[in-house]
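Dear colleague,

I am handing over the structure we spoke about, and below it you will find my notes on what was found. Please read them with the model open beside you.

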Amino acid sequence: MTSPLPIVENIWTVRAPQTFLGLHVGTQMTIVRLTGGGLVLHSPVAITPELKAQIDTLGPVRHVICPAMFHHLHAGSAIAAWPQARLHAPEALQRKRRDLRFDAVFGEVPHPDWADDLVAITIDGSLLGETVLYHKASKTLITVDLVENFSHCDHAPTRWYLKLGGIYGRPGWHPLLRATYLNRRKARVSIQRILALPFERVLVAHGENIEHDAGRVIREGLRWLPVFEAS
């Protein structure tokens, strides 16, 4: 696990190992400092005492967000570390994790604390249930499962999986996982809304962040889901 890495003003990321069905896909938590000074932890990783101490130097943690159905494994350790923080998650995830105390449904209605800083767009039509965030001041799109972006991978089975899916060395979403998009018409509408945002970088959970020509890169990564196809 890494220490908080500054990306732009008021945004940091923390990388951590993560496996999925034996594949080494990694994960990433994004930390956003809001205008009011409080912090948002997006897609939390395991919170060790060392990491907690480092995050505490950035500001008080006010909110913990589980942004999608498969990004909740370490929500409990985050709330244990900052019990005063509010825990947000999609309704479906709240039904799945009845062991956790949730404070709010995470969706497009902004919490007052972040209404001035963040725009939320939910990707409809997908079992992933992801809501992406757009940080207005830095033109940063914060995602988890919108695309994966691996330019290299040291784990051979994972590398073969990515190559067979045609997404090794290029952003995209593995063909085996595209079945999670049950209603592609609804998903296209959501993706069009996301692409209309003037983002300059994209933070992703699995692989490398996209720092250059982000709009074109995301369009290319979603070419399997034609975003301008007639509905």
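Two strands are taken to pair if DSSP finds at least two bridges between them, and helices (H or I, at least four residues) and strands (E, at least two) are DSSP runs numbered from the N terminus. This is a predicted model, in which local features need pLDDT of at least 70 and side-chain atom pairs count only at pLDDT 80 or more, while totals for chains, interfaces and linings use all residues. Residues are numbered from 1 along each chain as its sequence is written, and side-chain values use heavy atoms, with hydrogens and water left out.

In the sheet, strand S6 (residues 39-42) and strand S7 (residues 61-65) pair in the parallel sense over four bridges, with Leu41 opposite Val64 in S7. These strands belong to an open sheet of seven, with mixed pairing, in the order S1-S2-S5-S6-S7-S8-S9. Strand S1 (5-8) and strand S9 (104-105) each have a single partner strand, so one side of each is left without a neighbour in the sheet.

As for the cores (sets of buried Ala, Val, Leu, Ile, Met, Phe, Trp, Tyr and Cys residues joined through side-chain atoms within 4.5 Å, where buried means under 20% relative accessible area with a 1.4 Å probe, protein chains only), the largest nonpolar one has 33 residues, of which Leu141, Phe199 and Ile218 touch the most other members. Strand S11 (131-135), helix H4 (156-164), helix H5 (184-195) and helix H6 (214-221) are the elements that give two or more residues to this core, and the largest share, four residues, comes from H5. A second, separate core of 27 residues includes Val14, Cys66, Ala78 and Ala81.

With best wishes

Conventions:
Buried < 20%, exposed > 50% of the residue type's maximum accessible area, 1.4 Å probe, protein only.
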